[in-house]
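Let's take a look around the ligand site and then at a spot on the surface. Here is the structure to follow along with.

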Amino acid sequence: MKLLEGKTALITGASRGIGRTIALKYAEQGANIAFSDLIYDDKMILLEVELKSMGVKARGYASDASSFESSEKLVADVLAEFQSIDILVNNAGITRDNLLLRMTPQDWDLVMNVNLKSVFNLTKCVQKTMLKQRNGTIINMSSVVGIEGNAGQSNYSASKAGIIGFTKSIAQELGSRNVRCNAIAPGFIETEMTAKLPEDIKAKWIDDIPLKRIGTTEDVANVAVFLASHLSSYVNGQVINVCGGMQT
Ligand code: NAP
């Protein structure tokens, strides 16, 4: 029996990067996959085809996770198509890095809306379904910088720290109905998000990581499989670091 057989997962921001690998790993474990991204493009179509070829039901939706209205419509559309949502992965995220001196209010608002408000939007929209089912697991993508901060990322770090507070609160609110809520705090993972970092900074980070390598999207997705499955049935309100020991 596969770990997620018969479950439906909704994953935001999944056409590429960590979200994409989570979608593939979940499908490997038998889950049907609804996933979102800002636009319905070739990347979305390709993932849809790849997931379907693995024998599960799959559909990509164009939806802006930072908009409550768009999230409400997304959840309604997914429920109409899949009938249930058992796993929600709030993965969509962006960076707009700058020192505070140069950070604009627009860059602050954008990062807070896409990274943090999105988590509120989607969680609020799926909560009724999960409460009624008396079953559900919510996984929020935080970051190690949400725990220890990072110069040049005050907006991003604040959004990721906010996710942790939200995760712990929702775990307490929904736990009595068997709905769990946990966060993953990845360290330095190889995706388009980190590809834009200067090579010298990357080399320094890798040197500081006890495992002496950059993380892969699979490293994060494997923990997302654990948190979505019954293997983590008594894990609630936790933040799991996936950072090669960068933060201990
Ligand atoms: P990525 O490669 O940049 O992918 C981010 C995804 O989010 C893209 O598919 C993007 O869509 C989507 N997205 C952006 N804005 C959106 C919105 N408003 N609504 C819906 N989808 C939206 O990033 P990643 O590295 O895989 O990161 C995934 C998550 O892990 C993020 O929350 C990130 O903060 C977190 N994380 C990453 C690292 C790392 O080292 N990579 C470390 C810690 C935490 P488009 O393709 O349309 O832009």
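Helix α7 gives the largest share of the shell around the ligand, with three residues. Keep in mind that this is a predicted model.

The shell counts 29 residues, and those that come nearest to the ligand are I18, D37, N91, Y156 and T191. Sorted by class, the shell has 12 nonpolar, 11 polar and six charged residues.

Now for the polar contacts. Here are three of them, each with the protein group and the ligand atom involved:

| Residue | Protein group | Ligand atom | Distance |
|---|---|---|---|
| R16 | side-chain N or O | oxygen | 2.8 Å |
| A65 | backbone N or O | nitrogen | 3.0 Å |
| I189 | backbone N or O | oxygen | 2.9 Å |

How much of the ligand does the protein bury? Of the 900 Å² that the ligand exposes when taken alone, the protein buries 93%. As for who lines the site, the elements giving two or more residues to the shell are α1 (17–28), α6 (154–174) and α7 (192–195).

Over to the surface. Y40, I45 and V49 make a nonpolar patch there of about 280 Å². One of these residues, I45, sits in helix α2, which spans residues 42–52. Why can I45 count towards such a patch? Patch residues need over 30% relative accessible area, and I45 qualifies on that score because its value is 36%, which makes I45 partly exposed.

Note on methods. Residues numbered from 1 in each chain as written. Predicted model: local features only at pLDDT ≥ 70, side-chain atom pairs only at ≥ 80, totals over all residues. Heavy atoms only, no water. Near = heavy atom within 4 Å. Polar contact = N/O pair within 3.5 Å; in protein donor to acceptor, adjacent residues only side chain to side chain. Areas by Shrake-Rupley, 256 points an atom, 1.4 Å probe, with all protein chains shown as cover. Helix = DSSP H or I, 4+ residues; strand = E, 2+ residues; numbered from the N terminus. Nonpolar A, V, L, I, M, F, W, Y, C, P; charged D, E, K, R; others polar. Patch = residues over 30% accessible without salt bridge, like charges linked within 9 Å, V, L, I, M, F, W, Y side chains within 5 Å. Salt bridge = Lys/Arg side-chain N within 4 Å of Asp/Glu carboxyl O. Buried < 20%, exposed > 50% of the residue type's maximum accessible area, 1.4 Å probe, protein only.
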